[in-house]
Amino acid sequence: MKITGIEAIPYAIPYHHPLKFASGAVDTADHVLVRIHTDEGITGVADAPPRPYTYGETQVSIKNIVEEVFAPQVIGLDPFDREKVHAVMRRTINNQVAKGTVDIALWDLAGRTLGRPVHQLLGGWTDSMRVSHMLGFKPAQELLDEALRFGEEYGITTFKLKVGRRPLSLDIEACHVLREGLGADVELYLDANRGWTANEAMQVLQQTDGLGLTLLEEPCDAKEAMSRRRLVEKSPIPVVGDESVPTAGDASRELLSGGCNAICIKTARSGFTEATEILGLCTGLGVDVTMGNQIDTQVGSLATVTFGAAHEATSRRAGELSNFLDMSDDLLAEPIAIANGRISVRDVPGVGAEIDGEKLSRYRTDR
Ligand code: MUC
Ligand code: MG
């Protein structure tokens, strides 16, 4: 079997509810759909969400790196020789989302060729994941209304609150209002996207003491190594590395240097192959993992469920899987359903992301 072509198709789908967070905001899914074609007529597909404020990649850079740099060196390889494709991609530094998307498309291709769901090829642990919903910047009462609505409509009982605002009182108030309004049984955790200093994060932890928050993600820039290490040592809850740990090397550096003591795995930037390496590091070291969301479409969210449900360690916590609900539309032919707070894997060959051709024609921006 041989790879005969790779397409990187830019498209844009507006959000009806933009998401705001400390490092940026999203009001349009200006993503890239990657399709890997083969001489057997089987095609693998995956979605790339550009996040310039997180990794420096843009829609244009992802399209170019995939089509102009990777494709010429990868065409002709057997898609099952994944390590050879990775050797090609390793020759270009960074560009994690472009690389992760190619990797997921290869796994999709493998599943479709073998006639097996990729969640089984990866591990086959379970058939669904509990959903955590991400709450962006909003006044405290609106955050509570949104959380209550998601609890009622979808059965979601875990919420990640975007924080990292100044004055700190904005986020501290939001934590108190959410806990008061949602009750003790709902899980709440924080993600500051590097918005604070380590010392500010410490103040927030002190002033939210007793609220039962479970995790604190990227409180400050991981490059502020000394103060961040002090925070990790003193924090009563795990400090999660997210954008500081896109690769297995980054994860080991941050864990070993005390920059974090839990890891957020995102398939959008690590693919399934590097996500497996990161997961192995974490389980080996006894470190908790979360399945994060790169503000993914339904195509991307399906990839996260596929990886998360495949392993025991990634299924323990709720995965961040519901941002697509804020989009006005999607490319997935059969929409994802959230029932009783859970999303199921698809028991079809591959990852299960069948693309609606008419919608792709409508939203693609290159024609
Ligand atoms: C997250 O967990 O940080 C926001 C920026 C980004 O790159 O991902 C999102 C969610
Ligand atoms: Mg994060």
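## A tour from Thr92 to the magnesium site

Start by selecting Thr92, which touches Ile65, Val69, Phe70 and Lys99 when residues up to four places away in sequence are not counted; contact means heavy atoms within 4.5 Å. This is a predicted model, in which local features need pLDDT of at least 70 and side-chain atom pairs count only at pLDDT 80 or more, while totals for chains, interfaces and linings use all residues. Residues are numbered from 1 along each chain as its sequence is written, chains are lettered from A and ligands numbered from 1 in the order in which they are written, and side-chain values use heavy atoms, with hydrogens and water left out.

Thr92 is in the loop between α3 and α4. Helices (H or I, at least four residues) and strands (E, at least two) are DSSP runs, numbered from the N terminus. Thr92 counts as buried because its relative accessibility is 16%; buried means under 20% relative accessible area, exposed over 50%, and partly exposed in between, with a 1.4 Å probe and protein chains only.

**Helix α2**

Next, select residues 59–74, which make up helix α2. The helix has 16 residues and reaches 21 Å from first C-alpha to last, close to the 22 Å expected at 1.5 Å a residue; the expected span is 1.5 Å times one less than the number of residues. Stop at Ile65, where α2 bends by about 30°. The bend is the angle between axes fitted to the seven residues ending there and the seven starting there.

Ile65 is also among the buried residues of α2, which include Gln59, Ile62, Val66 and Phe70. To see what covers them, show β1 (3–21), β2 (24–38), β3 (43–48), α3 (82–90) and α4, which are included in the cover. After the helix comes Gly76, with a positive phi near 105°.

**Aromatic pairs**

The whole structure holds four aromatic pairs. Rings of Phe, Tyr and Trp (its six-membered ring) pair if their centres lie within 6.5 Å; planes under 30 degrees apart count as stacked, over 60 as edge-to-face and the rest as tilted. Select Trp107 and Phe272: their ring centres are 6.4 Å apart and their planes at 65°, so this pair is edge-to-face. Trp107 belongs to helix α4 (residues 96–114) and Phe272 to helix α11 (residues 267–285), so the pair ties together parts 165 residues apart in sequence. Trp107 is buried at 11% relative accessible area, and Phe272 is buried at 0%.

Add Phe307, which forms one aromatic cluster with Trp107 and Phe272. Then add Arg82, whose charged end sits over the ring of Trp107, 3.9 Å from its centre. A charge sits over a ring if NZ of Lys or CZ of Arg is within 6 Å of the ring centre and within 35 degrees of the ring normal. Arg165 lies over the face of Phe137, at 5.0 Å from the ring centre.

Move to helix α6 (residues 140–154), where Phe150 and Tyr154 lie four residues apart, about one turn of the helix. Both are buried.

**The magnesium ion**

Finish at ligand 2, a magnesium ion coordinated by Asp191 (OD), Glu217 (OE) and Asp242 (OD) at 2.0 to 2.1 Å. The pair Asp191 and Asp242 links distant parts of the chain, 51 residues apart: Asp191 is in strand β6 (residues 187–191), and Asp242 is in the loop between β8 (239–241) and α10 (248–256). Donors are N, O and S atoms within 2.8 Å of the metal (3.2 Å for Na, K and Ca); water is not among the atoms, so sites may look incomplete. Asp191 is buried at 0% relative accessibility, and Asp242 is buried with a relative accessible area of 1%.
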